[in-house]
Structures are given as structure tokens and as C-alpha cells.
Amino acid sequence: MRIQRIMMLTAVLLAAFTPMAGATEQATPSTRTICPQDADPASCLLKVATGDAGAKAASGPLTAGDLQEAYRLPADLLGGGQTVAVVVPYDIPSAEQDLATYRAANGLPACDEVFTCFRKVNQRGGDTPPPSSPSYAPHAAAGLDLTSAACPNCRLLLVQADDPTFANMGLAVDQAVAQGADAVVVMWGFTESADQAAQAAHFDHPGVTITSAAGTGFNTDGRQTVPSAFASVIAVGGTELFRDPAVPRGWRENVWRDTGSGCSLYVARPAWQRAGACGGRRTVADVSAVSSSSTPVQIYSSALGGWAAASGTPLAAAFIAGVYGLAGTDSTAPAGKRLYARARYLHDITGGANGVCAGSNLCAAGQGYDGPSGMGTPDGTGAF
């Protein structure tokens, strides 16, 4: 059975802007879809706003410093020696230079001969790149920039799969682990399918945390996306994040209306996840971070013409992978088990929803666990 490809960068990539600090609340701009040539049109979730809408939305995308402040990450102290891998399809020739531009503008240490914090390999671990595809360059930029924002001292590994098939994605994840990655973020995914179990082992590596986006929207048909639905993967949902001096934290955070949540159709509930509305099935998500189009984050991609304001749950997944790198936890215990046991080190998200699900917490935020935000968002590194 063919698995429908889902371009998991549920993103809004907006018009070019000059980097600015601090996001302010604003209306979501109108967008148009951009779709890689080899993607099923029904699964194209990458969007772009242009003209006046893009200019308005780019008035204050969140910088690396904003994210470190909002999530209380001591990014100048931790993460040394850890490697975070970003898995994307195809070769991205501009990835290293684009990353250098982002890091310089955000005051992050340069990846140079002194601090060799960037390299890329193909899915076999070699230097010969697969074919290039500018359509996937924003995925690489989003992954590398957001992991850098969370963990400036981590080493970054870009693993470029031959193409966007589930089989090659899995092989690229295996290669990331073989290359010494401590955490891996997969920047795209697939609709759940009855034959997905054949690929599950590629996303289960004890001692290595794998993160993936929770998708988009409240799914009522019991079908989620993989690899995030696999119990061995940390499924990451999305929030909107506003600076608000009126609250003690200094930031206000709610569930993003377009984040994904629901019950897996095929994956059993892991022992560390509490029973709830999904019964014996896996519930998505586990944790979350900012990814709203109302409060976009800053990325740099030559394929987009330079600076852009981006949104989408894969951004959150990349950021959380960086947080795992920053934490540097040396444990073979499942990352999900640690996360659920340490809720006191997370911001509990209690506002917002991504659907209507009366009588359950599958699509509405509330105290403790809920589907859209999982256990919450980072409050330091203690939960990771």
C-alpha cells in the first residue's frame, strides 16, 4: 500500500525582512501553498505569504535570543560535545552558508575551523550528495536554524536522503545515529498506514532521541502521521508565543489552532503515556514549542530570497531536538518516559485549542496533559 507523502513543514514562509527581535500579536496573514514537484498536491502543507500580508507578518519574528529567553535555556553554557542531526530529502547546497548567516545575525558561535559544528552526509554516510532540490531548502534551513537556536554549542549534522520516500527517510535516520547523533529531527513525514510497522525500527534507537512534528489539525479519524505517531519518537506540537510583561514568565503561550493532535490508528499506547481518550492507542503530542503563523520564527534560506518568517510544527520539532542536545542526558531510558515523569520542568499550556472535542482533552488545552501541547513546553532543560 502506498503511503501518502505529507510535507510536514506545516509552514508559513513569509516575505523577506530585516531581522528584528520580539514578536507581537497579529492576525494570521493570507497564504498560498508552495509544493515540491515530487509531492502529492493533497499533501502540500508548505505555505507562503507575499505582498502586504507578508510585510505585516514579518514585523517581529522570534529570534534565537527570544526563544532562549522564553524557554529559559542557558544556551551559552551547555550542549558541548552533543550532536543533533537534521534529516531532509535531497541535497541542499546552500545549507552551510545559510546557517552561517543565521548564526552570525543571532550572535551564535560561528561554525568554522575552530568550532567545526556543521557537516553533511548522504544517507550512506558519504560525501557524494544526492540530487539537489531547492524546494526542500526551507526544510533544511528551518531544522538547522531552530536546533542552533536551542543549542548553539551543539554540533549539527545534516543527513540528506536520496528522496522523500519513507524507506529512505528511515535509512537516513539510521545513518544519523551511526554518525554519532545524540538527537535527530525528521523534517517531514507520512500519513499513517497499515504497513507502517515495517519502517518502525528505523525510528527506535535506545539512547538517541528522535523528534518529529505532530502534524496539523485535530484528527478525528484515528489517523496520525509517522514517524511522530511511533511510540519511540517524541511527537512535537505547536504553540503561539507572545511577549507579555503582565505575566510572571514574561511570555504568554497558548495552543496553536493549526497544530496536530489525536489518536494513532495503529500504534499502541506506550506504558509511560497515561491512559486517556485514546484508550489503548498512542496519543499525539508529547511536548510542544512555538510554531504559530501569528508568532513566526526567524529563519534564513537562500531559496526563499534570504530572511523569512516561518511557522509550522516541524520548526517546533527541530527546536525540541536542540533542547535535547542542550540537556545532554546520558540515558538509555525512553525519552518519552523521562519527559512524562518530569512535568515540573515544563510550562503547562492551559489555553487554546485546535478543534472541537467535547468531553476530552484531545484538542483543547487544559491543566496537565492534553493532545495539542502534550506535557507542555520547555522551562529549562530538566524534563529532557
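**View 1. Lys-120 is partly exposed, with a relative accessible area of 29%, and it holds hands with Asp-91 in a salt bridge.** This is a predicted model, so keep that in mind for every view here. In this close-up, find the two side chains of Asp-91 and Lys-120: the N to O distance in their salt bridge is 2.8 Å. Asp-91 sits in the loop between strand E5 (83-89) and helix H3 (95-105), and Lys-120 belongs to strand E6 (residues 118-122), so this pair ties together parts that are 29 residues apart in sequence. Buried or exposed: which word fits Asp-91? Asp-91 has a relative accessible area of 7%, and the cut-off for buried is under 20%, so Asp-91 is buried. For Lys-120, the 29% falls between that 20% and the 50% needed for exposed, so this residue gets the in-between label, partly exposed. If you're wondering about the chemistry, side chains of opposite charge can pair when their charged atoms come close.

**View 2. Arg-243 and Asp-66 join up through their side chains in a salt bridge.** Zoom in on the N and O atoms and you'll find 3.0 Å between them. Where in the chain do the partners of this pair come from? Arg-243 is in strand E13 (residues 234-243), while Asp-66 is in helix H2 (residues 64-70); with their positions 177 residues apart, the pair links distant parts of the chain. Now look at how much of each residue is accessible. Asp-66 has a relative accessible area of 4%, which makes it buried. Arg-243 comes in at 38% relative accessibility, so it counts as partly exposed. There's a third player to spot as well: Glu-69 is linked with Asp-66 and Arg-243 in a network of salt bridges.

**View 3. Asp-162 and Arg-124 make a salt bridge of their own.** Their closest N and O atoms are 2.5 Å apart. Each partner of this pair sits in a loop: Asp-162 in the one between strand E7 (155-161) and helix H5 (166-178), Arg-124 in the one between E6 and helix H4 (137-150), and the two residues, 38 residues apart, link distant parts of the chain. Arg-124 reaches 57% relative accessibility; since exposed means over 50%, that puts Arg-124 in the exposed group. How many salt bridges does the structure hold? There are 8 salt bridges, including the ones shown in these views.

**View 4. Cys-111 and Cys-117 are joined by a disulfide.** Time to switch from charges to sulfur. The sulfur atoms of Cys-111 and Cys-117 are 1.8 Å apart. Twist is the next thing to check: the torsion about their S-S bond is about -100°, so the disulfide is left-handed. Cys-117 is buried, with a relative accessible area of 0%, whereas Cys-111 is partly exposed at 26%. How many disulfides does the structure hold? The count comes to 4 disulfides.

**View 5. A disulfide connects Cys-263 and Cys-278.** Here the sulfur atoms are 2.0 Å apart. The link of Cys-263 and Cys-278 has -85° about the S-S bond and is left-handed. Cys-263 lies in strand E15 (residues 260-268) and Cys-278 in the loop between E15 and strand E16 (281-284), so the disulfide ties together parts that are 15 residues apart in sequence. Cys-263 is buried at a relative accessible area of 8%, and Cys-278 is buried at 6%.

**View 6. Strand E15 sits in an open sheet of 3 strands, in the order E11-E15-E16.** The pairing in this sheet is mixed. Strand E11 (217-219) and E16 are the edge strands, each pairing on one side only. On average, and ignoring direction, neighbouring strands are turned by 30° against each other. E15 and E16 pair in the antiparallel sense over 3 bridges. Which residue in E16 is the bridge partner of Cys-263? Look for Thr-283.

**View 7. Cys-357 and Cys-363 form another disulfide.** Their sulfur atoms lie 2.2 Å apart. With a torsion of about -115° about the S-S bond, this disulfide is left-handed. Cys-357 is buried, with a relative accessible area of 14%. Cys-363 is buried too, at 0%.

Notes: Residues numbered from 1 in each chain as written. Predicted model: local features only at pLDDT ≥ 70, side-chain atom pairs only at ≥ 80, totals over all residues. Heavy atoms only, no water. Salt bridge = Lys/Arg side-chain N within 4 Å of Asp/Glu carboxyl O. Helix = DSSP H or I, 4+ residues; strand = E, 2+ residues; numbered from the N terminus. Buried < 20%, exposed > 50% of the residue type's maximum accessible area, 1.4 Å probe, protein only. Disulfide = S-S within 2.5 Å. Pairing = 2+ DSSP bridges. Axes fitted to C-alpha atoms, helices over the stretch in contact; angles between N-to-C directions.
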